[in-house]
Amino acid sequence: MGGRAVVDERRSLPGRGAWLHPDAECLALAVKRRALQRALRVAELDVTGLAVGDPGSCPPTSQTG
């Protein structure tokens, strides 16, 4: 997809994928931490227009350090 992230709800697109909770907060946190870039093994990733499910379904994360 040319460095652009897309939601593959049917899990049928070719190539590398990454699992993400269907929650906007989880997406924002993954982008902030560059977790999607690491999972997809890319230097830059365009997440413009990427939207996921309902807010509030992201489980709490443990923060150490």
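Me: Quick one to start: does R11 count as buried or exposed?
Reply: Exposed, at 64% relative accessibility. Keep in mind that this is a predicted model.

Me: Where does R11 lie relative to α1?
Reply: R11 lies in the segment before α1.

Me: And what is its backbone doing, say the phi of R11?
Reply: Phi of R11 is positive, near 50°, and R11 is not a glycine. As background, most residues other than glycine have a negative phi.

Me: OK, which residue after α2 also has a positive phi without being a glycine?
Reply: That would be R41, with a phi of about 55°. R41 sits in the segment after α2, which spans 35-40.

Me: Is R41 buried or exposed?
Reply: R41 counts as exposed, because its relative accessibility is 66% and the cut-off for exposed is over 50%.

Me: How far is R41 from G17 in space?
Reply: The C-alpha atoms of G17 and R41 are 9.9 Å apart, with their positions 24 residues apart in sequence. G17 belongs to the segment before α1, and that helix covers 24-32. G17 is exposed too, with a relative accessible area of 55%.

Me: Switching to α1 itself. Which residues are buried there?
Reply: C26, L27 and A30 are buried in α1. They sit on the same side of the helix, because they cover an arc of only 100° around the axis.

Me: Why would residues a few places apart in a helix point the same way?
Reply: An α-helix has 3.6 residues a turn, so residues three or four places apart point the same way.

Me: What's the number on C26, and which cut-off makes it buried?
Reply: C26 has 5% relative accessibility. The cut-off for buried is under 20%, so C26 counts as buried.

Me: How far apart are C26 and V52 in space?
Reply: C-alpha to C-alpha, C26 and V52 are 9.0 Å apart, while in sequence they are 26 residues apart.

Me: Now the other face of α1. What exposed residues does it carry?
Reply: E25 and K32 are the exposed residues on the face turned away from the buried side. For K32 the relative accessibility is 71%, so it counts as exposed.

Me: Which patch does K32 gather in, and with which residues?
Reply: K32 joins R33, R34 and R38 in a patch of positive charge on the surface. K32 itself has its place in helix α1.

Conventions
Residues numbered from 1 in each chain as written. Predicted model: local features only at pLDDT ≥ 70, side-chain atom pairs only at ≥ 80, totals over all residues. Heavy atoms only, no water. Helix = DSSP H or I, 4+ residues; strand = E, 2+ residues; numbered from the N terminus. Buried < 20%, exposed > 50% of the residue type's maximum accessible area, 1.4 Å probe, protein only. Patch = residues over 30% accessible without salt bridge, like charges linked within 9 Å, V, L, I, M, F, W, Y side chains within 5 Å. Areas by Shrake-Rupley, 256 points an atom, 1.4 Å probe, with all protein chains shown as cover. Salt bridge = Lys/Arg side-chain N within 4 Å of Asp/Glu carboxyl O. Lys, Arg positive; Asp, Glu negative; His and termini not counted. Charge placed at Lys NZ, Arg CZ, Asp CG, Glu CD. Arc of directions from axis to C-beta.
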